[in-house]
Amino acid sequence: MSDTQTQIENRPPSVATLFLERVERTPDAEAYRYPTPAASGAGPDDWKSLSWGQAAERVYAIAAGLVDLGVESEERVALASSTRVEWILADLGVMCAGAATTTVYPQTNAEESAFILSDSESKVLIAEDAAQLAKAVERRADLPNLRHVVVVDATGVETDGEWVISLAELEARGKAHLEKHPEAVKERVAAITSTQLATLIYTSGTTGRPKGVRLPHDNWSYMAKAIAATGLVTQADVQYLWLPLAHVFGKVLTSGQIEVGHVTAVDGRVDKIIENLPVVQPTYMAAVPRIFEKVYNGVAAKARAGGGAKYKIFQWAAEVARAYAKATQDNFRRTGTASAPFGLTAKHKVADALVYAKIREAFGGNLRACISGSAALAPEIGYFFAGAGIHILEGYGLTETSAASFVNPGEAYRTGTVGKPLPGTEVRIADDGEVLLRGPGVMEGYHGLPEKTTEVLESDGWFHTGDIGELSPDGYLRITDRKKDLIKTSGGKYIAPAEVEGQFKAVCPFVSNILVHGADRNFCTALIALDEPTLLGWAAEHDLAGRSYAEVVAAPQTVKMVQDYVDRLNEGLQRWQTIKKFRLLPRDLDIEHGELTPSLKLKRPVVEREYKGLIDEMYAGSRES
């Protein structure tokens, strides 16, 4: 048995144990960086640090405070907050108290928040601020189990010392408890078993109520050891963490960091990413495809605004980047060396000086790799960044598999695949093409829903992902689509809409979201939402300056511009995949209207229901209608 297998198989029962071990090994090493407003009240944020020892002081105080509030083993403590260092400290505090965290997205409305708090039987809610507290207050009558609300940022909040207390007050209670019972937290951690519930994450379902996914402590302990075993991250790394920690993708990154012991800079404000990257200078970061699409569109828009010559240089450099990435990846696969033909390498050197170096600088200048997950990244966008020296390693997993089931292996990564399974995870492809997974990362089941659990989890441990995929002979997985999202036209042809949508995102620099429709129809259509900042920049150059987004998308020249990109897309598709008609949406899709999940995935049924009129209009008069 290899050292890696031994470490994974002999893993401790919980990440709480791993945290205590990490603190003991490197108490003075930097653990977290986080922003605070500049002392002057103006200008960029100041960044402060916590060592592992300092983080532990706060974690133990939070854990002991929860014990003092009467929280027992496996009882749920809900956490409704955006991504910030206190989220991580609170989550670790919950785990070190032997309790279980129920994650709640801060964007969740009062009704759904109340459902999650009630269904999970959460005894305590840790709320970010007055806005999150207000949701609990509004539905308090429906939450008889909720004994306390702890507010992280208590600005404008009246605490009563009992139902509503501040995080600072909770930590003070915890310190007082530890003075009387100095071993209280360590005793709680020592009592944790691997099968004990650690986290309840509610999936943002496209229809009906969300389901609570039960993830025991062993899931996170396994993930921590398996991530470390990949060798993708080292103790010298600096991670920039902005992903929603209520989502399993963000949460798993905290487990890996504790095992490896590197620095994590935490700031969930998406509008601050561009400003933060040069300050933090991360060596790696994780993101969802929409972020890379936005960066790509932004770079293209900037080049276009610089005039025709600059835009032509960008277009040339983009093609060189893709060709170079494909050549180097193909050569690495064959020979183990990432090289390209001499002529292409010479062009790449010129393009690097003109275009790519500036892109890398915008990412902070030290980025070794990005991890992309949660949805499929369009391969052409992946190849562009790869050629520009921003190596995007796609991974794959679900809430039900603790997020990280597959990841691309460092230098040997292959754009368009999600890589190989993590050590200890098994995969097989069912007869109908569905990806099945088995291993220590798979959930215990859905909370209070045994019949839903048996629909996806077989008695021998195989989990049905609902995704269609293909395995290469050497073990790389390519996800082609969601099983339920596959389109079968009235002519009997199967189409993977995500594949067509991804290709369009690579072709059209103005697109924000696209939904391809065609199930039981005799041709495909598309609903297209455009990226507002990029579009309005284009509009100013085409006699549409000063008009609103809705007015610009309704303009004939905008429709013509998008039609040109649709024609270009169609040239590379099979006849039955081509987009015959499209409609531009009057606004972009968003989380607030329920069209995107908090991890920015498209909710197809919601969008199709909302824009049924536009879809019907595209098929009106066709032979099928």
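In the predicted model, the largest cavity is lined by A80, V104, A110, S113, A114, L117, L125, Q132, K135, A136 and L143, and its volume is about 90 Å³. Helices α5 (110–119) and α6 (130–138) each supply at least two residues of this lining, with α5 giving the most, 4 residues. By class, the residues around the largest cavity comprise 8 nonpolar, 2 polar and 1 charged. In total, the count of cavities of 30 Å³ or more comes to 4.

Helix α5, which contributes to the largest cavity, also holds F115. When neighbours within four places in sequence are left aside, F115 is in contact with Y202, R209 and P210. The C-alpha atoms of F115 and R139 lie 9.7 Å apart in space, while the two residues are separated by 24 residues in sequence.

Turning from cavities to pockets, the second largest pocket has a volume of about 970 Å³. Its lining consists of 29 residues, of which V295, G298, V299, K302 and A362 are the closest to the centre of the pocket. At least two lining residues are supplied by each of the helices α11 (273–280), α12 (289–305), α13 (308–335), α14 (342–362) and α18 (532–540), and the largest share, 10 residues, comes from α12. In terms of residue class, the lining of the second largest pocket divides into 19 nonpolar, 4 polar and 6 charged residues.

Two of the helices that line this pocket, α12 and α13, also pack against each other, their axes coming within 7 Å and crossing at roughly 145°. On the α12 side the contact is made by Y296, V299, A300, A303 and R304, and on the α13 side by K310, Y311, F314 and R322. The residues of this contact divide into 6 nonpolar and 3 charged, with no polar residues. V299 of α12 thus appears both in the contact with α13 and among the residues closest to the centre of the second largest pocket.

A second helix pair is formed by α4 (residues 85–96) and α10 (residues 248–260), which pack at an angle of about 75° with their axes 12 Å apart. Since angles of 65 to 115 degrees count as roughly perpendicular, α4 and α10 are therefore described as roughly perpendicular to each other. The contact involves W87, I88, D91, L92 and M95 of α4, together with K251, T254 and I258 of α10. By class, the contact of α4 with α10 has 5 nonpolar, 1 polar and 2 charged residues.

Charged side chains were also examined for pairing, and the structure holds 38 salt bridges. One of these salt bridges joins D68 to R173, with the closest N and O atoms 3.2 Å apart. The pair links distant parts of the chain, as D68 lies in helix α3 (residues 52–68) and R173 in helix α7 (residues 167–180), the two residues being 105 residues apart.

Conventions:
Residues numbered from 1 in each chain as written. Predicted model: local features only at pLDDT ≥ 70, side-chain atom pairs only at ≥ 80, totals over all residues. Heavy atoms only, no water. Axes fitted to C-alpha atoms, helices over the stretch in contact; angles between N-to-C directions. Parallel < 35°, antiparallel > 145°, perpendicular 65-115°, else oblique. Contact = heavy atoms within 4.5 Å. Nonpolar A, V, L, I, M, F, W, Y, C, P; charged D, E, K, R; others polar. 1 Å grid on protein atoms, 1.4 Å probe; cavity = no way out; pocket = protein on both sides within 12 Å on 5 of 7 lines; lining within 4 Å. Points joined across faces, edges and corners; volume = space filled by probe spheres on them. Salt bridge = Lys/Arg side-chain N within 4 Å of Asp/Glu carboxyl O.
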